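Welcome! Take a moment to look over the structure below, and then let us walk through a few of its features together.

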Amino acid sequence: MEPIREVTMTNSIRPHHSRPTSILVSGAGIAGTALAYWLARYGFRVTVVERAADLRGGGQTVDVRGSAMEVVERMGLLEELRAGRTGLRGMSHVDEDGREVRRTEGWTTSGGPSDGPDVEILRDDLAALLARAAGSGVEYLFGDSIGTLVQEDGGVRVHFASGEERRFDLVVGADGLHSATRRLVFGPEADYLHPIGVYVASWSAPNHLGLDRWEVFHQPGVDGIWGCMAMTVRDNTELRVFVGFTSEEAYEEMLPRDLMAQKRLVAERCESLRWEVPRFLKAMWETDAFHYDVVAQIRMDRWSRGRVALLGDAGFCCSPLTGQGTSVALTAAYVLAGELHLADGDHVAAYRAYEERLRPHVTANQALLSLGQEMLVAETGASGPEGDPDSARPDGPGREDSAEFRAAVAFDLPGY
C-alpha cells in the first residue's frame with residue numbers, strides 16, 4: 001500500500017473560512033476517509049486518528065450504489081472505483097464434497113447483477129483509494145486512539161491513548177460499530193447496539209481453487225451455520241473467505257477482544273464443516289487480513305452532542321445484510337462535510353442540518369434488514385419452500401429489484 005503522506009492533494013477547491021476549524025476524525029475506515037476528503041477540500045484542518053498501525057487490511061467486500069456513486073463521481077474517483085471492482089462473472093453452489101449443484105452467470109450473492117451500475121469492491125481498497133485522494137493535507141495519527149475527551153467552551157480537549165493531549169474545534173466519531181467516541185460521549189454501547197444473533201468472519205486465503213472471477217457458496221446444512229463462501233479478488237490473486245453462523249449467547253460473550261481468541265471461536269464453530277473449509281481455516285491462522293463481528297444495527301435518537309458528531313456505523317450502522325452501509329456512509333460523509341462548509345464551521349447549525357437531511361435516508365435503509373435476511377435465504381439457495389434447496393431461485397430477482405430497496409437507495413444529493 002502506498003504511503004498516504006506521499007500523495008499530493010488532488011483537489012483545487014480550498015475556500016477560505018472566516019475562522020480556521022480544526023476537526024479530529026476518529027477512524028480511518030470508509031466513513032472517516034471520505035469525510036477527511038471533503039473536509040480537506042473545503043479548507044478545514046483535518047486530523048484522522050486510527051487505532052491500527054496503518055489503514056486496515058482484510059474485511060468484506062462492499063457495494064457502492066445510488067447516491068454514493070454520485071458522491072464518488074463528484075470526487076473525481078469514479079473511474080478508479082470501477083477499476084477496483086471485484087469483476088465477478090457469476091457463482092456456484094457446491095455440496096460438502098465440492099460437487100457443483102447449481103451455477104449462475106452474471107449474478108452473485110455478494111454483489112448482485114454483474115452488469116448493473118453498482119460497484120462491488122473490497123472495503124480496504126476503497127478506504128485506501130479515499131485516503132490517497134484526500135492527499136497530504138490530512139494529518140494521520142496511526143497506532144493511537146481517543147482515550148478521553150472533554151468538551152469546553154470553544155473546543156474539545158482530547159487526551160490520546162499515547163499520552164498526547166491536543167485541542168480541536170470539533171470531533172467526529174467514525175470509528176465503527178463499537179465506537180469508542182460514541183461510548184465516551186453518549187454512553188454504553190448496549191444502549192444503542194441491536195444484534196440479530198448472527199456473526200460473520202472474513203479473511204484472506206490463497207486461490208488454491210483456481211477460480212477465475214468467480215464466487216462459490218456452500219450451505220452445509222449444519223444447525224447454526226449459515227454457510228461458507230469464497231470469492232476471488234484482486235485479479236484472482238487471492239480469495240476472500242466468509243463464514244456466517246448464529247448464536248443465542250449474549251453478543252458480549254461472542255466478541256472476544258483478542259484476535260487469536262476470535263480465530264479460535266471461528267475455528268470451533270466451523271470444525272465439523274467439510275468441502276474446502278479445513279483448508280480455509282488453515283489459511284485463517286496464517287493471515288492478518290481477518291475480520292470478525294456481530295451483525296447488528298446502531299439506532300440512536302441523535303447523532304451529535306455539543307461539538308461531537310457521529311458518522312457511519314458509529315451512529316447508524318445499517319448492518320451488512322442491508323447491503324447499504326457503505327453507500328449510506330459515503331453519502332453521509334458528503335452531507336456532513338457539506339453542511340459544515342455551508343455553515344462556515346458553525347457546528348450547531350451544521351449538525352442540525354446533517355441530521356434533518358440524513359435521518360429519513362438512514363431510517364429507510366435500516367428498514368431493509370428484514371428484506372436482507374429474506375433475500376439471503378433465497379439468494380444463497382439455503383432453503384426453498386418446504387426445505388427443498390433446488391426450489392430456491394439464484395437466477396431470480398434479488399433485493400436490488402424490489403421497490404422497497406430502490407426507494408431506500410434513492411436520495412436527492414445536495415450541492416454544496
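Are H6 and H7 roughly parallel or roughly antiparallel to each other? This is a predicted model, in which local features need pLDDT of at least 70, side-chain atom pairs count only at pLDDT 80 or more, and totals for chains, interfaces and linings use all residues. Residues are numbered from 1 along each chain as its sequence is written, and side-chain values use heavy atoms, leaving out hydrogens and water.

Now to the two helices (DSSP runs of H or I, at least four residues, numbered from the N terminus). H6 covers residues 259-270 and H7 covers residues 277-286; they pack at an angle of about 175°, with their axes 11 Å apart. Axes here are lines fitted to C-alpha atoms over the stretch in contact, and angles run from 0 to 180 degrees between N-to-C directions. H6 and H7 are therefore roughly antiparallel, a label for angles over 145 degrees, whereas roughly parallel means under 35. Among the residues in contact (heavy atoms within 4.5 Å) are Met-260 and Cys-270 of H6 and Leu-281 and Trp-285 of H7.

Next, look at the cysteines. The structure holds zero disulfides, a disulfide being a pair of cysteine sulfur atoms within 2.5 Å. Why does Cys-228 have no bond to Cys-270? Their sulfurs are 7.0 Å apart, too far for a bond, although Cys-270 has the closest cysteine sulfur to Cys-228. Cys-228 is also buried (under 20% relative accessible area, 1.4 Å probe, protein chains only), at 1%. For Cys-317, the closest cysteine sulfur is in Cys-318, 6.6 Å away and again too far.

Definitions and conventions. Buried < 20%, exposed > 50% of the residue type's maximum accessible area, 1.4 Å probe, protein only. Parallel < 35°, antiparallel > 145°, perpendicular 65-115°, else oblique.
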